[in-house]
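Open the model in your viewer and keep the selection box ready. We will go stop by stop.

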Number of protein chains: 2
Amino acid sequence: MPEFAELSIAGLTRVLEDFTRMHIRLPAERRLSFTTLSVLHTLAGDGPKRLTELAGSEQVTQSAITQMVTKLEREGLVERHPDPSDGRAVLVRVTAAGAAIVDGRRAERMARLTELADRLTEAEREAIAAALPALARMVELHSSAIGGPSIERGAGEDDSGTDTPRDSTRR
Amino acid sequence: MPEFAELSIAGLTRVLEDFTRMHIRLPAERRLSFTTLSVLHTLAGDGPKRLTELAGSEQVTQSAITQMVTKLEREGLVERHPDPSDGRAVLVRVTAAGAAIVDGRRAERMARLTELADRLTEAEREAIAAALPALARMVELHSSAIGGPSIERGAGEDDSGTDTPRDSTRR
DNA sequence: ATAACTTAATTAAGTTTCTGATACAGTTCG
DNA sequence: CGAACTGTATCAGAAACTTAATTAAGTTAT
């Protein structure tokens with residue numbers, strides 16, 4: 001007769017920290033900067049965005065985004081398009097090549113997680129499966145609070161993003 | 001009668017990606033670089049380490065670690081000590097001030113998660129609580145596979161680490 | 001509509017944080 | 001002991017950022 005366990009936030013925090021570290025430390029074939037990967041993730045998930053929007057979600061200056069997008073454009077991973085609704089703005093969109101990088105990295109993460117999940121017991125896998133909707137809802141609550149990119153996560157695709165960098169520098 | 005749900009690795013991957021992004025995007029009072037925060041986390045969790053060990057776990061060059069530790073030392077966040085067992089080596093240890101930064105950031109994360117968890121239903125919180133041990137075991141399986149820092153996570157403290165950076169740069 | 005203000009992106013210059021290549025002192029092993 | 005390693009440190013140059021200044025397109029108020 002196991003009482004219902006209370007949720008240990010401390011425990012959850014630790015576990016999430018560890019997963020974060022796991023994800024971030026992924027090899028990375030084509031060596032792209034952290035911020036760059038994060039931008040590609042965002043674009044692949046949310047669709048075309050303005051430079052300003054990217055600057056906001058990646059927590060770097062807008063200038064940094066301009067420079068990075070210029071570089072990504074040279075490498076054929078994103079494209080710049082004029083925004084029909086605003087002559088000043090530029091819409092950045094991932095190319096197929098860019099999306100492939102994002103997908104590749106996600107596939108690596110999934111492979112790793114599959115490997116680990118295979119070594120769990122059936123009961124453990126079920127427990128995680130049962131918690132998944134609740135965890136997803138936490139994320140959703142967060143992004144709507146923040147006014148994140150995809151407030152209504154309805155059906156299909158969506159955000160993504162790992163490999164995020166930054167905390168800025170300088171004292 | 002709900003069948004036992006199968007664990008969706010894709011779903012789990014997405015959720016973890018989102019949490020990663022949440023954690024990484026935390027404000028950061030005292031502005032420290034990403035790698036720096038990660039090093040402090042590692043030291044606070046695993047105890048004193050050699051520069052080489054840090055370089056390995058943070059995935060930057062040893063040179064970068066040396067420079068960073070020098071800077072952290074100047075700021076009073078870590079200390080260098082000779083390694084009694086090896087005259088060449090240096091053991092880096094966090095100071096109380098350094099540990100305070102790590103704890104502060106963890107507290108912020110916990111506060112955020114608490115907020116979100118409070119808005120879940122009781123059943124949702126229970127589901128997450130029930131999954132926590134399994135999730136922790138996945139992390140453990142991972143680090144022992146990698147030969148990570150704390151292979152036997154026994155009792156007390158331990159690793160930590162979020163705020164990880166790096167993927168390196170350069171084409 | 002026109003002047004004054006705001007917003008979006010770029011450009012330029014300077015800073016911080018890395019990588020790569022040595023240099024060197026301490027260890028290990030024949 | 002001397003050769004081959006290992007663990008740190010240092011230095012030059014490359015990346016990725018930041019701040020500040022510039023250009024251009026929208027907005028607002030008169």
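The tour below moves from one protein chain to the other and ends at the DNA.

**Stop 1: chain A as a whole.** Keep in mind that this is a predicted model. Select chain A and colour by secondary structure. You should find six helices and three strands. Along the sequence they follow the pattern α-α-β-α-α-β-β-α-α. Now colour by burial. Of the 171 residues in chain A, 42% are buried. Contacts reach far along the chain too: of those with a separation of 6 or more, 57% link residues 24 or more positions apart.

**Stop 2: the sheet of chain A.** Select the three strands. They form an open sheet in the order β1-β3-β2 of chain A, with antiparallel pairing. Look at the edges next. β1 (49–50) and β2 (78–83) of chain A each have a single partner strand there, so one side of each is left without a neighbour in the sheet.

Zoom in on β2(A) and β3 (residues 86–94) of chain A. Six bridges hold this antiparallel pair in register. For one of the bridge partners, pick Pro82(A) and look across to Val90(A) in β3(A).

**Stop 3: the helix across that sheet.** Add α2 (residues 34–46) of chain A. This helix lies across β1, β2 and β3 of chain A. Line up its axis with β3(A): the angle is about 100°.

**Stop 4: the sheet of chain B.** Hide chain A and select the strands of chain B. Here is an open sheet of three strands, ordered β1-β3-β2 in chain B and paired antiparallel. β1 (49–50) and β2 of chain B stand at the edges with a single partner strand each, so one side of each lacks a neighbour in the sheet. Add α2 (residues 34–46) of chain B, which packs on the sheet and touches β1, β2 and β3 of chain B. Its direction makes about 100° with that of β3(B).

Now select β2 (residues 78–83) and β3 (residues 86–94) of chain B. They pair in the antiparallel sense over six bridges. A hairpin of two residues joins β2(B) to β3(B). Opposite Asp83(B) stands Asp86(B). His81(B) faces Leu91(B) in β3(B).

**Stop 5: the DNA.** Show both chains again and select DNA strand C. How many residues surround DNA strand C? There are 29, and the closest are Thr52(A), Thr35(B), Thr61(B), Ser63(B) and Gly87(B). Colour this surface by residue type: eight are nonpolar, 13 polar and eight charged. Finally, highlight the elements that each supply at least two residues: α3 (51–58), α4 (62–74) and β3 of chain A, with α4 (62–74) and β3 of chain B.

Notes:
Residues numbered from 1 in each chain as written. Chains lettered and ligands numbered in written order. Predicted model: local features only at pLDDT ≥ 70, side-chain atom pairs only at ≥ 80, totals over all residues. Helix = DSSP H or I, 4+ residues; strand = E, 2+ residues; numbered from the N terminus. Buried ≥ 20, exposed ≤ 12 C-beta atoms within 10 Å, placed from the backbone. Contact = placed C-beta atoms within 7 Å. Pairing = 2+ DSSP bridges. Axes fitted to C-alpha atoms, helices over the stretch in contact; angles between N-to-C directions. Near = placed C-beta within 6 Å. Nonpolar A, V, L, I, M, F, W, Y, C, P; charged D, E, K, R; others polar.
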